[in-house]
Amino acid sequence: MTEIRVPARTTAKRGEVRIVLVDDHAIVRQGLRSVLEREPQFAIVGEASSAAEALAVVAHQRPTIVLLDLKLSTSSDSEGLQLCRQLTQAHPGVGVLVLTTFLDDRLVVEAVHAGARGYVVKDVDTTELTSAIRAVSRGESAFDSRSAAAVVRSLNGQQPHGDPLTGRELDVLRLLARGMSNRTIGRELFISETTVKFHVGNLMRKLDVTRRAEAVYAASKMGLI
């Protein structure tokens with residue numbers, strides 16, 4: 001059995017976003033590291049090329065974010081989805097952000113079901129990627145415009161069973177689906193960030209979900225967005 005080596009655990013600094021890169025291609029990890037380490041707030045604290053390595057590194061380093069490619073050592077995406085599920089169940093405080101080449105409605109929806117807080121494709125620009133990482137580090141969801149559209153296309157016409165969402169809650173929900181932060185939503189709707197948080201809490205309660213990404217998915221299935 002091959003021994004899995006993990007780097008010595010580093011001490012977290014205040015405000016630091018600790019990132020583990022999970023991709024089976026070393027050159028991709030090197031490229032991501034070189035790009036992300038330009039951000040003063042970001043620290044790459046580990047890398048992994050397989051599910052087993054990822055589980056070991058995340059358990060040891062306790063990062064803020066896991067940047068996860070769904071395609072690992074196999075040709076199927078099932079390994080990446082299963083790893084996402086294992087990571088979010090074992091480390092609920094860690095935000096999994098899927099970064100992959102493949103944009104497929106089914107993959108986006110299944111990743112959300114597996115606990116991912118965001119989904120972006122690898123051809124996003126650096127600004128969009130760093131914004132997504134920051135959003136997930138704050139506990140928010142992060143979808144690029146194409147993956148957000150994929151979630152919306154998963155509508156199945158279900159109707160809400162609980163209290164109906166208000167017009168303002170629907171406004172907030174539509175902006176959540178675009179991956180906006182509470183602060184950005186507040187600016188867009190001309191309301192305070194505290195008010196946005198209030199609406200987000202209400203709509204999550206009504207949709208019976210605990211994460212923003214789940215709220216977007218649930219609302220899309222109900223035909224609300």
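1. Let us start with a pair of strands. Strand S1 (residues 17–22) runs parallel to strand S3 (residues 65–68), and four bridges link the two. One pair to look for on screen is Val-22 with its bridge partner in S3, Leu-68. Please keep in mind while you look that this is a predicted model.

2. On the other side of your reading list is the pairing of S1 with S2. These strands are also parallel, joined by six bridges. Here Val-20 has Gly-46 in S2 as its bridge partner. To get from S1 to S2 the chain passes through helix H1 (residues 26–36), and this β-α-β crossover is right-handed.

3. Now for the whole sheet. In what order do the six strands of the open sheet lie? The order is S2-S1-S3-S4-S5-S6, and the pairing is parallel. Strand S2 (42–48) and strand S6 (142–143) are at the edges with a single partner strand each, so one side of each has no neighbour in the sheet. Helix H2 (residues 51–61) packs on this sheet and touches S1, S2 and S3, while its direction makes about 140° with that of S2.

4. The edge strand S2 deserves a second look. Although one side of S2 is left without a neighbour in the sheet, six of the seven residues of S2 are buried, and the strand is mostly covered.

5. Next, try strand S4 (residues 95–100), where you will find Leu-97. Is Leu-97 buried or exposed? Its relative accessibility is 0%, so Leu-97 counts as buried, the cut-off being under 20%. Setting aside neighbours within four places in sequence, Leu-97 is in contact with Ile-65, Val-66, Leu-67 and Leu-68, and also with Gly-118, Tyr-119, Ala-132, Ile-133, Val-136 and Ala-142. For a distance to check yourself, take Leu-97 and Gly-115: they are 18 residues apart in sequence, and their C-alpha atoms are 9.5 Å apart.

6. The loop between S3 and helix H3 (78–90) holds Asp-69. The UniProt record, an unreviewed entry, lists "modified residue: 4-aspartylphosphate" for Asp-69. In the model, the relative accessible area of Asp-69 is 5%, which means that this residue is buried, as the cut-off is under 20%. Which residues does Asp-69 contact, leaving aside its neighbours within four places in sequence? They are Val-22, Asp-23, Asp-24, Leu-99, Thr-100 and Lys-122.

7. Leu-72 sits in the loop between S3 and H3 as well. This residue is buried, with 2% relative accessible area. Beyond its neighbours within four places in sequence, Leu-72 is in contact with several residues, including Val-22, Asp-23 and Asp-24. Others on the list are Ser-49, Ser-50, Ala-51, Glu-79, Gly-80 and Leu-83. Leu-72 and Asp-23 are a nice example of the fold at work on the chain: 49 residues separate them in sequence, yet the C-alpha atoms are 6.3 Å apart.

8. Two backbone details are worth a glance. Arg-62, in the loop between H2 and S3, is not a glycine but has a positive phi of about 50°. With 48% relative accessibility, Arg-62 counts as partly exposed. Asp-208 is not a glycine either, and has a positive phi of about 60°. You can find Asp-208 in the loop between helix H9 (193–207) and helix H10 (212–221). At 70% relative accessibility, Asp-208 counts as exposed.

9. Stepping back to the chain as a whole, the secondary structure comes to 10 helices and six strands. How many of the 225 residues count as buried? The share is 49%. Among contacts between residues at least 6 apart in sequence, 67% join residues at least 24 apart.

10. Finally, a word on confidence. The chain has a mean pLDDT of 83, with 84% of its residues at 70 or more. Over residues 155–161, however, the pLDDT is below 50, and this stretch has 13 contacts in the model beyond near neighbours in sequence. Please read those contacts with the pLDDT below 50 in mind.

Definitions and conventions:
Residues numbered from 1 in each chain as written. Predicted model: local features only at pLDDT ≥ 70, side-chain atom pairs only at ≥ 80, totals over all residues. Heavy atoms only, no water. Pairing = 2+ DSSP bridges. Contact = heavy atoms within 4.5 Å. Axes fitted to C-alpha atoms, helices over the stretch in contact; angles between N-to-C directions. UniProt positions renumbered as here; feature names shortened; annotations may be inferred. Buried < 20%, exposed > 50% of the residue type's maximum accessible area, 1.4 Å probe, protein only. pLDDT = per-residue confidence, 0-100. Right-handed = clockwise from strand over helix to strand, strands pointing away.
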